[in-house]
Amino acid sequence: MARRMDMSARSCPYRCFGCPVKLPEKDLTRHLSSDAASHLNLVTKALTVERSTKEFQREASACAIRRCEQADRDSVALCRQLQSLEMLYQLAANEVDESKLSSTVSKRGFEDMFGVVR
């Protein structure tokens, strides 16, 4: 008889929120009614954790986006500096026509070309 009772026992529907109760079908209805307050408490805690997790994910995502945007800006600045250094190298090796250099400098500006910040 006890074995049959174990087989017909059901977990509380609030098990996924932390209720450990497992009862026969006939007692489960009474449990749901008598423990409504504790079930509400379990659900409230679960929702609070879920909300905190979502807020953390939102903040982490915003932080990742800001870092990617900064990395993009840094990458553009480094590319400009590299181009400037390559041009200086070519100039030092007499591989660049100085007239091209002066037009490039006048178009981009010395500060932008060499990454100089005032």
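This is a tour of one predicted chain, stop by stop, with a suggestion of what to select at each point.

Because the model is predicted, local features are given where pLDDT is at least 70 and side-chain atom pairs where it is 80 or more, while totals for chains, interfaces and linings use all residues. Residues are numbered from 1 along the chain as its sequence is written, and side-chain values use heavy atoms, with hydrogens and water left out.

**The whole chain**

Begin with the chain in cartoon view, where five helices and two strands can be traced (helices are DSSP runs of H or I with at least four residues, strands are runs of E with at least two, and both are numbered from the N terminus). Followed along the sequence, these elements come in the order α-β-β-α-α-α-α.

Switch to a surface next: the accessible surface is about 9800 Å², and 57% of that belongs to carbon and sulfur atoms, as computed by the Shrake-Rupley method with a 1.4 Å probe, where for residues only the protein chains shown count as cover. Of the 118 residues, 12% are buried, where buried means under 20% relative accessible area, exposed means over 50%, and partly exposed lies in between, with a 1.4 Å probe and protein chains only. Among contacts with a separation of 6 or more, 30% join residues 24 or more positions apart, a contact being heavy atoms within 4.5 Å.

**Helix α3**

Select residues 36–92, which form helix α3. This helix has 57 residues and runs 83 Å from its first C-alpha to its last, close to the 84 Å expected at 1.5 Å a residue; the expected span is 1.5 Å times one less than the number of residues. Colour H39, V43, S84 and M87 within α3, since these are buried there. Then move just past the end of α3 to N94, which takes a positive phi of about 60 degrees.

**Around H39**

Which residues is H39 in contact with, once its neighbours within four places in sequence are left aside? Centre the view on this histidine, which belongs to helix α3 and is buried at 2% relative accessible area, and show C12, Y14, C19, H31 and L32, with which H39 is in contact.

Two of the residues just shown are cysteines, C12 and C19, and it is worth displaying their sulfur atoms. The count of disulfides is zero, a disulfide being a pair of cysteine sulfur atoms within 2.5 Å. For C16, the nearest cysteine sulfur is that of C12, 8.8 Å away, and C16 itself is exposed at 64% relative accessible area. The sulfur of C19 has its closest cysteine sulfur in C12 at 3.7 Å, too far for a bond, and C19 is buried, with 6% relative accessibility.

From Y14, step to F17, because the search of the whole structure finds one aromatic pair (rings of Phe, Tyr and Trp, the last by its six-membered ring, pair if their centres lie within 6.5 Å; planes under 30 degrees apart are stacked, over 60 edge-to-face, and the rest tilted). Y14 and F17 form that pair, which is tilted, with 6.3 Å between centres and 40 degrees between planes. Y14 is partly exposed at 30%, and F17 is likewise partly exposed, at 35%.

**Three salt bridges**

How many salt bridges does a search of the whole structure find? There are three, each defined as a side-chain nitrogen of Lys or Arg within 4 Å of a carboxyl oxygen of Asp or Glu.

Select E25 and R10, whose side chains meet at 2.8 Å, N to O. E25 is in helix α2 (residues 25–34) and R10 in strand β1 (residues 9–11), so this pair ties together parts that are 15 residues apart in sequence. E25 is partly exposed at 43%, and R10 is partly exposed at 39%.

Stay in helix α2 for D27 and R30, which lie three residues apart, about one turn of the helix, and whose closest N and O atoms are 3.5 Å apart in a salt bridge. Here D27 counts as buried, at 17% relative accessibility, whereas R30 is exposed, at 56%.

Finish back in α3, where E50 and K54 sit four residues apart, about one turn of the helix, and form a salt bridge with a closest N and O separation of 3.3 Å. E50 is partly exposed at 40%, and K54 is partly exposed at 44%. An α-helix has 3.6 residues a turn, so residues three or four places apart point the same way.
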